[in-house]
Structures are given as structure tokens and as C-alpha cells.
Amino acid sequence: MYQIKYVVVDSCFEPGYRVEMAAGIPVWMFLVFKTPTAVFIEGRLTECEKNTCILYPPMTPIVYEARGESYHHEEWIHFLSDDKKLKEPYIPLLRPIKLINPDSVREIMRLLAYENIANYSERENSMEALMNLLIYKLHDSSVNMGTAHMDSRLIRLRSEIYLHPEKDWTVQRMAKMVYLSESRLHTMYKETFHITCMNDVIMSRIQYAKNMLECTDKPVSDIALMCGYHGNEHFCRQFKEKTGLTPGHYREKYSILKV
């Protein structure tokens with residue numbers, strides 16, 4: 001169980017900001033640095049990039065200072081917990097971890113900050129679920145350090161592709177979204193996700209089409225338009241190439257609406 005004591009998001013401090021709590025605090029502290037920061041752990045100095053987090057157990061020294069001339073940004077949660085996941089090796093303690101997807105972690109923290117002051121009947125259950133999700137994200141980041149340096153622009157682009165397969169996606173449009181040249185986008189996207197950006201667009205459309213065929217009785221022509229295809233023939237041909245079935249045969253085989 002988790003008991004949230006305090007949540008702070010979007011905090012901003014003057015250059016040269018320093019925190020020194022040599023005796024620690026009597027609660028857990030999950031701390032996210034949104035700007036470069038120097039952290040002192042067991043007498044050793046570690047330089048942390050932006051979007052690095054640290055989980056401090058209760059009563060452990062907390063010492064860090066801002067780096068650079070710009071303002072220092074950070075977010076944190078103070079909490080109590082008896083969760084058995086909060087231990088090595090599942091969760092690194094007192095060790096900087098580069099977040100794989102910092103945007104998702106920030107969103108969880110914002111939701112926690114809101115729920116912490118809300119008065120809903122399921123408030124405690126909502127916060128418990130959010131804290132578990134946060135711990136899972138921390139675990140994933142710790143065991144996938146190779147992908148932790150993934151460009152966040154590409155993560156946002158891929159999310160947008162899968163959220164909106166109906167958009168008129170082109171390499172030119174995607175390159176502009178992430179401020180890269182078309183050739184550089186192609187290279188980085190393939191290295192990051194092991195698929196080209198345009199093939200990923202196709203997979204996002206096929207995935208959405210499969211869901212619509214399974215869960216609705218909409219005409220195939222309507223589904224084609226909803227998936228970003230301007231012609232039913234092109235949709236049907238591409239769908240069969242990727243699944244081995246025509247849209248009609250796929251629906252016959254997998255529809256959950258069948259009696």
C-alpha cells in the first residue's frame with residue numbers, strides 16, 4: 001500500500017540551487033531532475049542528465065545541486081509504503097536512472113498531484129494504481145538502459161501515429177514534427193524502433209482496422225477511411241498483405257459480434 005504525503009510538479013529554482021539533507025527524511029522520496037543535476041551518493045559525485053530519476057529510501061542522505069546557468073527544474077513525491085517491490089534488484093535504490101519515457105512519468109505525477117487533493121470515493125484506489133504504474137515505469141527504465149537515451153521526439157511521434165492512424169502521414173510531415181531532415185528521421189526511427197516510419201504508419205492503420213473489424217459492424221469502406229486510406233481497394237490490398245486475409249474474411253474469423 002502507498003500513502004502519499006506530498007507531490008510537487010513543475011517546480012523551478014534559481015541557478016545554483018542546492019539541497020542538503022544529510023540525515024534524510026522519514027519517508028520515501030521519488031525525485032525527477034528535469035535539468036542537469038549533480039548528485040552526491042555515498043560520498044561520490046554523479047553528473048545526471050535531464051530526465052533522470054532517483055528513489056531515496058527513508059532516512060538516507062539527500063544531497064544534490066543544479067548544474068548549468070539556466071533555471072533548475074525538478075519534481076518529487078514523498079510517500080510511505082510497505083510495497084515489497086521497493087527493493088533491489090527490482091527497483092534500483094539510491095541510483096540515478098535515465099527515464100525511457102519521461103513524458104509518461106510526468107503525466108502520472110500530475111495525476112497523483114491532482115488525486116492527492118481530490119475527494120472522490122475511489123481516490124485511494126486511484127492513487128494506489130498510479131503509484132504502482134510509476135514503479136513499473138521505473139523498473140522498465142532500469143532494465144532497459146540501452147533505450148533510455150531514446151529521443152523523446154521519436155516516442156511522441158510514434159504515439160501520435162498510433163493514436164491517429166487516419167492522418168495523412170508522410171515522411172516530410174513527420175520530419176517537420178521532430179525537427180529532423182527526412183534522411184535523418186528515417187535512420188533514427190529505424191535504429192530506435194527497428195521499423196521504418198512509413199511501415200510503422202501502415203502497421204498502426206492495420207492494427208486499428210483489425211480492432212474495428214473485430215469490434216464493430218461498420219462497412220469495410222468506412223473503416224478504410226477511418227484508417228487513413230483514400231481508396232477501399234488500396235486498403236484491402238494492404239490489409240491482405242499484412243494479415244493474409246481480406247478484411248471481410250478477417251471479420252468472419254475474428255469478430256466478437258458473432259452470435
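1. In this predicted model, the axes of helix H3 (residues 152-163) and helix H6 (residues 197-215) come within 8 Å and cross at roughly 35°. The crossing of H3 and H6 is right-handed. On the H3 side the residues in contact are Arg158, Ile161 and Tyr162, and on the H6 side they are Asp200, Val201, Met203, Ser204 and Gln207. Sorted by class, the contact of H3 with H6 holds four nonpolar, two polar and two charged residues. Two packed helices are described by the angle between their axes and the distance between the axes.

2. Arg158 belongs to the H3 side of that contact. Arg158 also lies over the face of Phe193, at 4.5 Å from the ring centre. A second arginine, Arg205, is placed over the face of Tyr229, at 5.6 Å from the ring centre.

3. Tyr229 leads on to the aromatic residues. A search of the whole structure finds 10 aromatic pairs. The rings of Phe13 and Tyr17 have their centres 3.9 Å apart and their planes at 10°; planes under 30 degrees apart count as stacked, so this pair is stacked. Tyr17 has a relative accessible area of 21% and is therefore partly exposed. Elsewhere, ring pairs join Tyr229, Phe235, Phe239, Tyr250 and Tyr254 into a cluster. A pair of aromatic rings is described by the distance of the centres and the angle of the planes.

4. Backbone geometry comes next. Most residues other than glycine have a negative phi, and most peptide bonds are trans. Asp10 has a phi near 60°, a positive value in a residue other than glycine. Asp10 is placed in strand S1 (residues 2-13), and its relative accessible area of 43% makes Asp10 partly exposed. Tyr179 likewise has a positive phi, near 55°. Tyr179 lies in the loop between helix H4 (171-177) and helix H5 (182-193), and with a relative accessible area of 70% Tyr179 is exposed.

5. Which residues does a cis peptide bond join? They are Glu88 and Pro89, with omega about 0°. Pro89 is in the loop between strand S8 (72-81) and strand S9 (97-98).

6. Is Tyr56 buried or exposed? Tyr56, in strand S6 (residues 52-56), has 0% relative accessibility; buried means under 20%, so Tyr56 counts as buried. Leaving out residues up to four places away in sequence, Tyr56 touches Val27, Trp28, Met29, Leu31, Val39, Pro61, Ile62 and Leu94. Tyr56 and Glu14 are 42 residues apart along the chain, and their C-alpha atoms are separated by 23 Å.

7. Ile4 is found in strand S1, the strand that also holds Asp10. With a relative accessible area of 12%, Ile4 is buried. Outside the residues up to four places away in sequence, Ile4 touches Ile77, His78, Phe79, Asn116, Met127 and Met131. The C-alpha atoms of Ile4 and Thr216 are separated by 41 Å, with their positions 212 residues apart along the chain.

8. His139 is part of helix H2 (residues 123-143). The relative accessible area of His139 is 18%, which means that His139 is buried, as the limit for that class is under 20%. Not counting residues up to four places away in sequence, His139 touches Tyr90 and Ile91.

9. Glu233 is found in helix H8 (residues 232-243). At 63% relative accessibility, Glu233 counts as exposed. Glu233 and Ser221 are 12 residues apart in sequence, and the C-alpha to C-alpha distance is 9.0 Å.

Definitions and conventions:
Residues numbered from 1 in each chain as written. Predicted model: local features only at pLDDT ≥ 70, side-chain atom pairs only at ≥ 80, totals over all residues. Heavy atoms only, no water. Helix = DSSP H or I, 4+ residues; strand = E, 2+ residues; numbered from the N terminus. Buried < 20%, exposed > 50% of the residue type's maximum accessible area, 1.4 Å probe, protein only. Contact = heavy atoms within 4.5 Å. Axes fitted to C-alpha atoms, helices over the stretch in contact; angles between N-to-C directions. Left-handed = near helix turned anticlockwise from the far one by under 90°. Nonpolar A, V, L, I, M, F, W, Y, C, P; charged D, E, K, R; others polar. Phe/Tyr/Trp six-rings, centres within 6.5 Å; stacked < 30°, edge-to-face > 60°. Lys NZ or Arg CZ within 6 Å of the ring centre and 35° of its normal.
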